[in-house]
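Let's take a friendly walk through a protein together. Have the sequence and the 3D view ready, and look up each residue as we come to it.

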Amino acid sequence: WEFNGSFYQPSAFLMMGIPGLESLHHWISIPFCALYLIALLGNCMILFIIKTTQSLHEPMYYFLSMLAVTDLGLVLCTLPTTLGIFWFNMRRIGFDACLTQMYFIHILSFIESSVLLAMAFDRFIAISHPLRHPSILTKTTVMKIGLVIILRGMVSLLPIPFLLKRLTYCRKTELSHSFCFHPDIMNLACADIKVNVFYGMIILLSTVGMDFIFIVLSYILIIKTVIGLATKEECLKALNTCVSHICAVLVFFVPMIGLSMIHRFGKNVPPLVNTLVAYTYLIIPPALNPIIYSIKSSHIREALLRALRRKTE
């Protein structure tokens, strides 16, 4: 489409399912439904177990509750539009509705990154200063950390919808995904998007980028502390408490970094690869995190078994 230079803002965008596989969307929806169901039930189960088990009322599990709530939010943000496309071919989403979905997806992603950093800090304190751990991370301190995490995400991303609304757009309104993503919307504009690109990069590097760096530093300090422990059994026991968190970090950050790189530098990447990385980033972590923590945390596993026994009696 040719652009005539006047201000144009589309009333709606058209979302994309899986390119080249449109005829198979009904079949493809089956694994997606399974992942969404696992994510919803798994995270609700984690929250229920932590709430009803008094012995799990400690910092590690408070942060895990925050992670579960964030994962539920991510699932509920993308589920309606994704399954709407797969089941009913409902591709249209209003301009303001798209910006709202985008805002909450990015906020929840930033919150998840910050919660993972808080969990790394908790593990570092628990291993390096086990006797001082309860006094450092009190319930009040954990609540304050949670509030700061939420405010940080909300405030840092607040300008993004307004930066997108000021742009004039080309007549092409087709997005690359079944959800709204900032770089995706931004690239449909027929105006100078340098401010959007610059602000997006600054916020990404100063939040998620810094979180990742501090998580790595936390584990360097944890390894340094563990090496100083007396016996091999103590080393393995200390590291075992971190395995589930390391898995959650990798599951979240690897596809997130991949998707960011594709949107900014991967102009020649096939659309199918872009789509699969996006789904991996937004759907796989919420589905896998409850499984990872249920398998690796003996306390959650035992509490789950007790709950199941009470139901069967």
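Let's begin with a cysteine, Cys-98. Is Cys-98 buried or exposed? Its relative accessibility is 0%, so Cys-98 counts as buried, since buried means under 20%. Do keep in mind as you look around that this is a predicted model.

Cys-98 has a partner. A disulfide is a covalent bond between the sulfur atoms of two cysteines. Here, Cys-98 is joined to Cys-180 by a disulfide, with an S to S distance of 1.9 Å. This pair ties together distant parts of the chain: Cys-98 sits in helix α3 (residues 95-128), while Cys-180 lies in the loop between α6 (159-165) and α7 (182-186), and the two are 82 residues apart. Turn to the partner and you will find that Cys-180 is also counted as buried, because its relative accessibility is 0%. The link between Cys-98 and Cys-180 has a handedness too: with -120° about the S-S bond, it is left-handed.

How many disulfides are there in the count? There are two disulfides. The other link is formed by Cys-170 and Cys-190, whose sulfur atoms are 1.6 Å apart. This pair also links distant parts of the chain, with Cys-170 in the loop between α6 and α7, Cys-190 in the loop between α7 and α8, and their positions 20 residues apart. The link of Cys-170 and Cys-190 is right-handed, with 125° about the S-S bond.

What about the surroundings of this pair? Partly exposed residues fall between the limits of 20% and 50%. Cys-170 has a relative accessibility of 22%, so it counts as partly exposed. Cys-190 is at 25% and therefore counts as partly exposed as well. If you number the bonded cysteines in sequence order, the pairing reads 1-3, 2-4.

Some cysteines stay out of these links. Cys-44 is in no disulfide, and the nearest cysteine sulfur, belonging to Cys-77, is 15 Å away. A disulfide needs sulfur atoms within 2.5 Å, so that distance rules out a bond for Cys-44. Cys-44 is partly exposed, with a relative accessible area of 42%. Cys-247 is in no disulfide either: the nearest cysteine sulfur is that of Cys-242, 11 Å away. Cys-247 is partly exposed, at a relative accessible area of 30%.

Now leave the cysteines and look at the surface. Which residues make the nonpolar surface patch of about 890 Å²? They are Met-210, Phe-212, Ile-213, Phe-214, Val-216, Leu-217, Ile-220, Ile-257, Met-261 and Phe-265. The elements that give two or more residues to this patch are α8 (194-227) and α10 (243-265). Helix α8 gives the most, with seven residues. One patch residue to find is Met-210, which is in helix α8. Met-210 is partly exposed, with a relative accessible area of 32%. Patch residues need over 30% relative accessible area, so Met-210 passes that cut-off.

Our last stop is a glycine. Gly-84 has its place in helix α2 (residues 59-88). Its relative accessibility is 8%, so Gly-84 counts as buried. Leaving aside residues up to four places away in sequence, Gly-84 touches Leu-79, Asn-89 and Met-90. To get a feeling for scale, find Ile-46 as well: Gly-84 and Ile-46 are 38 residues apart in sequence and 28 Å apart in space, C-alpha to C-alpha.

Methods: Residues are numbered from 1 along each chain as its sequence is written. This is a predicted model: local features need pLDDT of at least 70, side-chain atom pairs count only at pLDDT 80 or more; totals for chains, interfaces and linings use all residues. Side-chain values use heavy atoms; hydrogens and water are left out. Helices (H or I, at least four residues) and strands (E, at least two) are DSSP runs, numbered from the N terminus. Buried means under 20% relative accessible area, exposed over 50%, partly exposed in between (1.4 Å probe, protein chains only). Contact means heavy atoms within 4.5 Å. Patches are made of residues with over 30% relative accessible area and no salt bridge: like charges are joined within 9 Å, nonpolar side chains (Val, Leu, Ile, Met, Phe, Trp, Tyr) within 5 Å. Accessible areas come from the Shrake-Rupley method with a 1.4 Å probe; for residues, only the protein chains shown count as cover. A salt bridge is a side-chain nitrogen of Lys or Arg within 4 Å of a carboxyl oxygen of Asp or Glu.
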